[in-house]
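Q: Please take a close look at one part of this model, its nonpolar surface patch. Which residues form the patch, and what is the setting of the element that gives the most to it?

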Amino acid sequence: MEKIEKKIGGREFAAIIILTVGTKLADDTPAILYDRLGNAAWMAPIIMGMIWITPLYFLVKVISLYEGKSLVDIIKKLFGKYMGFIILFLIWPSNPTQLLLTQRFIQT
């Protein structure tokens, strides 16, 4: 695999900065946690981290076993042509749905 070295342009740099800063400015997660959980809010990130560490570990292991392949290729190889298509079709709309749900809860 060839290593391509390019410089990022001004537009790409501005987009990265705007997205990074905008996300930090618009994130109300600490306020939401303290409103709902009170003094126990410090435990929420720890519990969420423990819940997410296992699936993340397995994802990293599977991706490291199939180096050079995308997640779509890995799913199709593991589950077959038809079951892989069904799984990918179910995963595909989850990202916009999660974005819409998150925005709905932030504005209320």
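A: The answer below begins with the whole chain and then turns to the patch and its main helix.

This is a predicted model. The protein chain contains 6 helices and 0 strands, so that, by the DSSP runs, the order from the N terminus on reads α-α-α-α-α-α. Of its 108 residues, 7% count as buried. The chain exposes about 10200 Å², and 69% of that area is supplied by carbon and sulfur atoms.

On this surface, a nonpolar patch is formed by Tyr34, Trp42, Met43, Ile46, Ile47, Met48, Met50, Ile51 and Trp52, which together have about 1000 Å² of accessible area. Helix 3, residues 43-65, gives the most to the patch, with 7 residues. Tyrosine 34, another member of the patch, lies in helix 2, residues 29-37.

Helix 3 itself has 23 residues and reaches 34 Å from its first C-alpha to its last, close to the 33 Å expected at 1.5 Å a residue. Helix 3 also carries a kink of about 30° at isoleucine 53, shortly before proline 55.

As to confidence, the protein chain averages a pLDDT of 81, and 86% of the residues score at least 70. Confidence is highest in helix 4 (residues 71-79), at a mean of 90, and lowest in helix 6 (residues 94-107), at 66. Where pLDDT is low, the predicted coordinates should not be read in detail.

Definitions and conventions: Residues numbered from 1 in each chain as written. Predicted model: local features only at pLDDT ≥ 70, side-chain atom pairs only at ≥ 80, totals over all residues. Heavy atoms only, no water. Patch = residues over 30% accessible without salt bridge, like charges linked within 9 Å, V, L, I, M, F, W, Y side chains within 5 Å. Areas by Shrake-Rupley, 256 points an atom, 1.4 Å probe, with all protein chains shown as cover. Salt bridge = Lys/Arg side-chain N within 4 Å of Asp/Glu carboxyl O. Helix = DSSP H or I, 4+ residues; strand = E, 2+ residues; numbered from the N terminus. pLDDT = per-residue confidence, 0-100. Expected span 1.5 Å × (residues − 1). Bend = angle between axes of the 7 residues up to and from the residue. Buried < 20%, exposed > 50% of the residue type's maximum accessible area, 1.4 Å probe, protein only.
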